[in-house]
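Please look through the sequence and the structure below before reading on. The paragraphs after it are meant for someone who has not met this structure before.

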Amino acid sequence: MRFVRLDTPKPISKIGLGTWQFGSREWGYGPDYERRAAEIVRRALDLGVTLFDTAELYGFGRSERILGAALGDDRAKVVVASKIFPLLPVAPVVQQRAVASAARLGVDGIDLYQVHQANPVVADTTTMRGMRSLQDVGLVGEVGVSNYDLRRWRFAEAALGRRVLSNQVRYSMIDRGPEEDLIPYAEQAGRIVIAYSPLAQGFLSGRYDVTNPPAGAVRRANPYFLPENLARGTQLIATLREVADAHDATPSQIALAYVLRHPNVVAIPGASGVEQMERNAAAADIDLADDEYAALVAAAHAFRPVTGLAAVPRLIRARLGK
Ligand SMILES: NC(=O)c1ccc[n+]([C@@H]2O[C@H](COP(=O)([O-])OP(=O)(O)OC[C@H]3O[C@@H](n4cnc5c(N)ncnc54)[C@H](OP(=O)(O)O)[C@@H]3O)[C@@H](O)[C@H]2O)c1
C-alpha cells in the first residue's frame, strides 16, 4: 500500500474504502451484503488500507454502524471519515450530529469529519464554527468538505481558521473536472482530493455492456449506464484493457491508477465483494508509463457520453423499460 505524503496524525492510504454500499438498499446487493461488508472491511485492514469513508446519510446511519462494528478494536488505528448532511448546518446542529455519528461508529473521535455538500443558504462561517468547537474538544480530528468548488473550499478554510484537509469530489477518467483547479490547489497547499466514484460506479470496470447493465436504483439513475453510453464507451474500455494487459491487471485497477497518479489524490472505491477490495488495494502499486497515461487521456477525451438534461428522457424511458 502507498500513502499520501502529508503531515497527518495517522497515515492516509492512497486507496481507501467507500461504504455508501453498506446498509443501502439502492445498490441492490441484497440482505447477505451486510456480512460481506464486514469481510470487506477486515480484508481492507489486512491489506494496509487506512482510510474508511462513510456518512450519516448512507443507509440512514446503517453504514456507520456496520463500518464501526467491522473495524472493532482497529478503529483507533485507522482514519475513520464521516460526513454531516448539511440540512441546517448551524453550529449546534453540527455538534449534535457529530456526537450521533461518533456513537454509531463507536469511536471517541472522528478522524475526518466532512460537510457532505455545500449548503446554498447557510454560510460556511456558521458551519465551521461548529466544526472548530468539535476540534477543540477533540471529537473531530481533521475537517473536510465534499462537492465544494475551489472558491468555497478556500472560504471554508478561512472560516475555520485552520486547514480543511480534504475535498471529496467525483473524480475518475471520465469525470476530470477536479484536474482543473482542485488537484493543483491540493498539491500547492498540502491538501487532499478524495476521489469518489473513481470507477464511475463500475462503468470503468468493463463488466457492463448494452446486454448486461448493472442492477440497482443508483446505477439506473446514472446516465453512464444508458445503453447508448455503454455502447459509446466500447473504445475507452478497450484502451483500459490494453493497458491492463501490459500490467497483468484489470481495467478497474488501471482506472484507479489513473487518478492515483496525482500525489495528493486518494481514491475510495466501493466494493461489492472481498476480491474487488483486494484488486483495488493492489491498484495503489501500479505505476503507469507516460505513453500509457497519454493513451488513457486520449481515450477518455474521445468518450462523449450523453449526460445532463439530454440524458433525462432516456433515463426515464430506461426506467419504464421502453
Ligand atoms: N461525497 C459524495 O457526495 C459521494 C458521492 C458518491 C460516492 N461517495 C463515496 O465514494 C465511494 C465510492 O463511490 P461509488 O460507490 O459511487 O463508485 P465507485 O467506487 O466508482 O464504484 C463502486 C462499484 O464498482 C464496482 N467495483 C468496485 N471495485 C471493482 C473492481 N475491482 N472490479 C470491478 N468492479 C468493481 C462495484 O460494483 P459491482 O460489483 O456491483 O459492479 C462497486 O460497488 C462510495 O462508497 C462513497 O463512500 C461520496
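What follows turns to a pair of helices, then to aromatic rings, and last to charges placed over rings.

This is a predicted model, and a convenient place to begin is where helix α2, residues 62–71, packs with helix α3, residues 91–105, their axes being 7 Å apart and at an angle of about 45 degrees. The two helices are therefore oblique to each other. On the α2 side the contact is made by E64, R65, L67 and G68, while α3 brings S101, R104 and L105 to it; by character, these residues divide into two nonpolar, two polar and three charged.

The aromatic residues come next, for the structure holds 12 aromatic pairs. One of them joins W27 and Y29, whose ring centres are 6.0 Å apart and whose planes stand at 40 degrees, so the pair is tilted. W27 is buried, with a relative accessible area of 5%, whereas Y29, at 22%, counts as partly exposed. Another pair is formed by F203 and Y224, with centres 5.6 Å apart and planes at 40 degrees, so this pair is tilted. Because F203 lies in the loop between β7 and α7 and Y224 in the loop between α7 and α8, the pair ties together parts that are 21 residues apart in sequence. F203 is buried at 3% relative accessible area, and Y224 is buried at 9%. W27 and Y29 also belong to one aromatic cluster, together with W20, F22, Y33 and Y58.

Finally, two arginines deserve a look. R152 lies over the face of Y148, at 5.6 Å from the ring centre, and the charged end of R261 sits over the ring of Y293, 4.2 Å from its centre.

Notes:
Residues are numbered from 1 along each chain as its sequence is written. This is a predicted model: local features need pLDDT of at least 70, side-chain atom pairs count only at pLDDT 80 or more; totals for chains, interfaces and linings use all residues. Side-chain values use heavy atoms; hydrogens and water are left out. Axes are lines fitted to C-alpha atoms, for helices over the stretch in contact, and angles run from 0 to 180 degrees between N-to-C directions. Helices (H or I, at least four residues) and strands (E, at least two) are DSSP runs, numbered from the N terminus. Angles under 35 degrees count as roughly parallel, over 145 as roughly antiparallel, 65 to 115 as roughly perpendicular and the rest as oblique. Contact means heavy atoms within 4.5 Å. Ala, Val, Leu, Ile, Met, Phe, Trp, Tyr, Cys and Pro count as nonpolar, Asp, Glu, Lys and Arg as charged, and the others, Gly among them, as polar. Rings of Phe, Tyr and Trp (its six-membered ring) pair if their centres lie within 6.5 Å; planes under 30 degrees apart count as stacked, over 60 as edge-to-face and the rest as tilted. Buried means under 20% relative accessible area, exposed over 50%, partly exposed in between (1.4 Å probe, protein chains only). A charge sits over a ring if NZ of Lys or CZ of Arg is within 6 Å of the ring centre and within 35 degrees of the ring normal.
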